[in-house]
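Dear colleague,

I am passing on a structure that I would like you to look over when you have time. My notes on what was found follow it.

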Amino acid sequence: MPQLGSGIGGLMVEVQERTRESFQRLASAELPALYWLARRLVRDGAEDLVQEALLRAYRSYGTLREDTAAGPWLKRILVNVFRDQLRRQARSVQELPVEEVEDFSLYQTLVEQDPLPYSDTLHHDYLRAFGKEDVREVLLRLPELYRAPLVLRYMDGFATKEIARLLDVPLGTVLARLHRGRKRFERELWVYAQETGLLKGVVQ
Amino acid sequence: MTENQGLIPCSEAVRQLWDYLDQAVSPEDQAKVEQHLSFCRTCCGELEFARQLRGFLAAQGADELPPHVKARLERFVADL
């Protein structure tokens with residue numbers, strides 16, 4: 001059960017109304033969204049991340065005002081758990097030198113290298129060759145520093161300001177990491193396909 | 001491209017394309033990006049590809065859970 005504030009009648013009534021069953025119902029509905037977000041954030045331990053987030057969410061369920069906002073609320077908690085895990089690991093992740101990534105353009109590389117010579121829609125067909133697990137592998141090649149903002153912004157639709165708050169970094173840092181993350185992602189989309197022979201299976 | 005007064009180079013235009021698509025650039029920057037796009041075919045291609053990439057990322061959303069994961073997580077929720 002959630003922790004009750006001592007002697008605060010209104011809160012008690014609220015907590016009583018929000019039964020364990022309602023939390024379970026709400027959490028069950030969000031399991032796929034939470035699990036797939038966790039799988040994009042971490043290589044291993046996605047289930048643990050979801051479980052830790054659910055425990056934390058259950059303890060603070062009383063702070064959720066509207067059950068309709070449960071999806072984003074649970075995702076935010078999961079990102080908080082992820083951030084705390086990163087801090088505990090206390091790994092110093094190096095920022096990439098700007099010039100190392102910023103010059104790469106997947107758009108231009110595809111034009112120049114033309115890996116699908118019989119395609120009329122080269123860029124579109126190139127992306128279509130990537131299955132969801134391929135995309136995950138590409139994402140996991142990015143340092144968390146760049147991967148997390150990219151996932152949160154473009155796959156889960158968080159606003160940049162909220163990402164800054166969730167990851168506890170300045171907005172300008174988020175914007176810079178998003179840019180570098182996009183460039184790094186483009187480059188890894190290219191390198192991954194080269195390394196794995198991904199395009200060989202594509203009908204040309 | 002040649003440098004003209006007030007025009008931004010390709011590197012700067014490309015840097016802003018995703019924010020431009022998000023309508024998250026200032027009106028001044030939006031005008032600069034659009035001015036650049038009006039004469040730079042390469043960056044128009046970059047813009048179109050950025051749009052495709054964005055859609056590609058957004059389409060990677062949540063699938064159904066694999067059965068063994070679903071069973072474990074649902075049991076975990078039931079035990080809360």
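**Notes on the model**

With 19 C-beta neighbours inside 10 Å, B:Cys40 counts as partly exposed, because a residue is called buried at 20 or more. Please keep in mind throughout that this is a predicted model. B:Cys40 sits in the loop that runs between α2 and α3 (41–58) of chain B, and its C-alpha atom is separated by 9.9 Å from that of B:Ala13, although these two residues are 27 apart along the chain.

B:Ala13 also belongs to a helix contact, in which B:Ala13, B:Gln16 and B:Tyr20 of α1(B) meet B:Asp29, B:Gln30, B:Val33 and B:His36 of α2(B). By class, the residues of this contact comprise 3 nonpolar, 3 polar and 1 charged. Helix α1 (residues 10–21) and helix α2 (residues 27–39) of chain B pack at an angle of about 120°, their axes being 10 Å apart, and the crossing of α1(B) and α2(B) is left-handed.

As for α3(B), its 18 residues should span 26 Å at 1.5 Å a residue, and the C-alpha atoms at its ends are 26 Å apart, which agrees with that expectation. The buried residues in α3(B) are B:Cys43, B:Glu46, B:Leu47, B:Phe49, B:Ala50, B:Leu53 and B:Leu57. Their cover comes from both chains, since it includes α6 (106–113), α7 (122–128) and α9 (144–155) of chain A together with α1 and α2 of chain B.

Turning to the interface as a whole, 25 residues of chain A are in contact with 24 residues of chain B. On the side of chain A that touches chain B, at least two residues each are supplied by α2 (20–41), α3 (46–59), α7, α8 (132–140), α9 and α11 (171–196) of chain A, and α2(A) gives the most, with 9 residues. The residues of that side divide into 14 nonpolar, 7 polar and 4 charged.

Within chain A, the domain assignment gives domain 1 (9–89) and domain 2 (98–201), whose C-alpha centres lie 28 Å apart. The contact between these domains takes 11 residues from domain 1 of chain A and 12 residues from domain 2 of chain A. On the domain 1 side, α2 and α4 (70–89) of chain A each supply at least two residues, with the largest share, 6 residues, coming from α4(A). By class, that side of domain 1 has 4 nonpolar, 1 polar and 6 charged residues.

With best regards

Definitions and conventions
Residues are numbered from 1 along each chain as its sequence is written. Chains are lettered from A and ligands numbered from 1 in the order in which they are written. This is a predicted model: local features need pLDDT of at least 70, side-chain atom pairs count only at pLDDT 80 or more; totals for chains, interfaces and linings use all residues. Axes are lines fitted to C-alpha atoms, for helices over the stretch in contact, and angles run from 0 to 180 degrees between N-to-C directions. Helices (H or I, at least four residues) and strands (E, at least two) are DSSP runs, numbered from the N terminus. A crossing is left-handed if the near helix is turned anticlockwise from the far one by less than a right angle, and right-handed if clockwise. Two residues are in contact if their C-beta atoms, placed from the backbone, lie within 7 Å. Ala, Val, Leu, Ile, Met, Phe, Trp, Tyr, Cys and Pro count as nonpolar, Asp, Glu, Lys and Arg as charged, and the others, Gly among them, as polar. A residue is buried if 20 or more other C-beta atoms lie within 10 Å of its own, exposed if 12 or fewer, and partly exposed in between; C-beta atoms are placed from the backbone. The expected span of a helix is 1.5 Å times one less than its number of residues. Domain bounds come from an automatic or database domain assignment.
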